[in-house]
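Please walk through this structure one part at a time, keeping the sequence beside the 3D view. The paragraphs below take up helices, a cavity, two loops and a few single residues.

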Amino acid sequence: MIDYQRRIVIIGAGVGGLSQAIAIKTKLGFHNFTIYEKGSEVGGTWRANTYPVWLTTESTEYRSPQSFFQGCSSDVQIHWYSLSSDLYPLWNKSHGLQPEIQAYWIKITKKYNLYPHIAFNTKVLSAEWDDAKQQYTIIVEDIFSGKRMSSVAHVVISAAGILEVPKIPYEIPGVRKFQGTSFHSAQWPGSIDMQNKRVAVIGNASSGAQFIPSISEDPSVEVVNFIRTPTWFTIRPHIPYSDTEKWIFANIPLAMRLHRAWIMFWFDYPSIVRPSDKALNKRREAMTKYILDNAPTRYYDHIIPSYPPGCKRTVANSGYLDVLHRPNLTLNFDGIANIVENGIITKTGEMLPFDVIIYATGFISKQDRYPMHVRGLNEATIQGYYDAHGGPTAYFGTAVPDIPNFYLLAGPNTGIPASTLFMEEVQIGYILQLIEPVLSGSVSSFTVKASPTDAYNVKVQERISRMVFMQCHSWARTNGTGKVFNPFPWASTLWWWWLRKPNWDHYVAVGAEKWVWARRKKVVKNILKCAAVLMLSWSYISGSAQRVLYNTAPW
């Protein structure tokens, strides 16, 4: 029976936080939870990233037939980036765009009546464990008024995301001196007019490559894209679903499930069967040829990365390479020495004037520096544990030693090469098994042990040490070159297998006498059932054998 005096706090109303809340409501029948969200709406990254979409309703001389989609979109096929309990048959294309993905999650939030549980514009500052009371004290702050409030929770689930805090490159001298308009691509102003403006875009990875085709479409806008490190590009066509396919998804049982299974197999196969060095070299050659076939010849000496594909995120060519032929778009590889009041000075000493600077410089990893103060047993903190282990470290990316009843969604080394939502749904199922005994009152708290956490992470880092992630500077490494803390170095199916149920021997349970006794009784019952089945089976087999022998005897 659920104890409704217990309370859960979920940090973040993005995809992970919403999915966790839905599971708590529908699978545990528990309703005493609060989601603290520092934004003004649900959706997380899909709420924040609203940079312009390059539409193709009108043809221009610069558009190619391949470039029929633009804007912030899902990395994997949208049918695998949908909640498994709420499949949607009417997605427009194979990969979802920001507006329809955000609309999907708003609809889901309304369906499960989650809005009354969400405290918007509220930032969690700290969570401190009271071991005597077996609960957390949570301090939150209203981001507009600055008012702070305190509450308690018996379970805390952090769904704060991985890459959510925009990174402005303050290491470049003079960033604050610029007198024109400047902003990060994740904070795109809704009313900006770039007509007849000189625009600098710093960065050409996922975000920059998606919005540059849009802002450079107007020939009156002069765009200079500053590139420090070239990016590997690949083809990711957004294939429209026909009305027939949508009808099949909506009306044929299991059609969407089978479609999702095929997508998962397609993504997981390279992780299950590792490609040979010969195959990897062929892949690099093919990707190099793809870039050179599409980019202008004047950039050939600079646009091919020196690191192997896969070390950093591969970017979908959503028209970026094609529009490099536009006369109003220039790539600059000289490096930035300084930003001044009216422009940028390159490392070659050239002064380039600009009216607008857009920072497509990524995000501050919340894995690298945990975004809030969390204190558990013996004054232990999550950040302290990270620092002591050379970077973000956790047990299956989900639990941290000495931090009771606190669970991470998308924690360290959970970056599977597939659907982030699938990865989080696996974690959610695992977390439900840990929190159900706490909510029922049969256990006060679970804390993961240090030794299995260390053993697991030794295995993770040993595997990563033989992989491509070690061969480049990356946000997914401590200080860019240290411990690799983001990727999960095995197949998604193995992630599911390992987290299908907790290994209870790896946890310390407090106030769990009744729960332990109930588990032992269950084990004994299962053993007796198996023994009874075996005895009956043996009896039946023995009797059958005797009858056969009797019937075949020579008398």
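In this predicted model, one side of helix α7 carries the exposed residues Lys 278, Lys 282, Glu 285, Lys 289 and Asp 293. The buried residues of α7 are Met 287, Thr 288, Tyr 290, Ile 291 and Asn 294. Looking down the axis of α7, you find these buried residues within an arc of 155 degrees, so they line one face of the helix. The general reason for such a pattern is that an α-helix has 3.6 residues a turn, so residues three or four places apart point the same way. What covers the buried residues of α7? The cover includes β12, residues 233–234, and α8, residues 320–323.

The length of α7 can be checked with simple arithmetic. The helix runs over residues 277–294, which is 18 residues, and at 1.5 Å a residue it should span 26 Å. The end C-alpha atoms of α7 are 26 Å apart, so the expected and computed values agree.

Thr 288, which lies in α7, is one of the buried residues of that helix. Leaving out residues up to four places away in sequence, Thr 288 touches Trp 232 and Ile 304. Tyr 241 is 47 residues from Thr 288 in sequence, and their C-alpha atoms are 30 Å apart in space.

Helix α11 can be read in the same manner. It consists of 15 residues, 450–464, and at 1.5 Å a residue it should span 21 Å; the end C-alpha atoms are 21 Å apart, which agrees. Which residues of α11 are buried? They are Pro 452, Thr 453, Tyr 456, Asn 457, Val 460, Arg 463 and Ile 464. These residues cover an arc of only 125 degrees around the axis, and therefore sit on the same side of α11. Ser 451 and Val 458, on the other side of α11, are exposed. The buried residues of α11 are covered by elements including α9, β22 (445–448) and α12 (492–498).

The next topic is empty space inside the model. Rolling a probe the size of a water molecule over the atoms shows where empty space is left. The structure holds 3 cavities of 30 Å³ or more. The second largest cavity has a volume of about 50 Å³. Its lining is made up of Asp 75, Ser 206, Gln 210, Arg 236, Arg 313, Thr 314, Val 315 and Ala 316. Two elements, α4 (206–215) and β13 (315–316), give two or more residues to this lining. By type, the lining of the second largest cavity divides into 2 nonpolar, 3 polar and 3 charged residues.

Now turn to the backbone. Most residues other than glycine have a negative phi, and most peptide bonds are trans. Asn 405 is not a glycine, yet its phi is positive, at about 50 degrees. Asn 405 lies in the loop between α9 (382–388) and β21 (406–408). Is Asn 405 buried or exposed? Its relative accessibility is 0%, so Asn 405 counts as buried. Ala 410 is another residue other than glycine with a positive phi, near 60 degrees. The loop between β21 and α10 (420–439) holds Ala 410, which counts as buried because its relative accessibility is 5%.

Other residues relate sequence distance to distance in space. Arg 176 lies in the loop between β8 (163–166) and β9 (181–184) and is exposed, with a relative accessible area of 67%. Arg 176 and Val 340 are 164 residues apart in sequence, while their C-alpha atoms are 8.6 Å apart in space.

Ser 182 is in strand β9. With a relative accessible area of 36%, Ser 182 is partly exposed. Apart from its neighbours within four places in sequence, Ser 182 is in contact with Ile 357 and Tyr 359. Ala 200 is 18 residues from Ser 182 along the chain, and 9.3 Å separate their C-alpha atoms.

The last residue here is Val 516, in helix α13, residues 513–551. Val 516 is partly exposed, with a relative accessible area of 27%. Along the chain Val 516 and Ala 337 are 179 residues apart, and their C-alpha atoms are separated by 63 Å.

Key:
Residues are numbered from 1 along each chain as its sequence is written. This is a predicted model: local features need pLDDT of at least 70, side-chain atom pairs count only at pLDDT 80 or more; totals for chains, interfaces and linings use all residues. Side-chain values use heavy atoms; hydrogens and water are left out. Helices (H or I, at least four residues) and strands (E, at least two) are DSSP runs, numbered from the N terminus. The expected span of a helix is 1.5 Å times one less than its number of residues. Buried means under 20% relative accessible area, exposed over 50%, partly exposed in between (1.4 Å probe, protein chains only). The arc is that of the directions from the helix axis to the C-beta atoms. Contact means heavy atoms within 4.5 Å. On a 1 Å grid over the protein atoms alone, a cavity is a set of points where a 1.4 Å probe fits but cannot get out, and a pocket is an open set with protein on both sides within 12 Å along at least five of seven lines; lining residues have an atom within 4 Å of a point. Grid points are joined across faces, edges and corners, and a volume is the space filled by probe spheres set on the points. Ala, Val, Leu, Ile, Met, Phe, Trp, Tyr, Cys and Pro count as nonpolar, Asp, Glu, Lys and Arg as charged, and the others, Gly among them, as polar.
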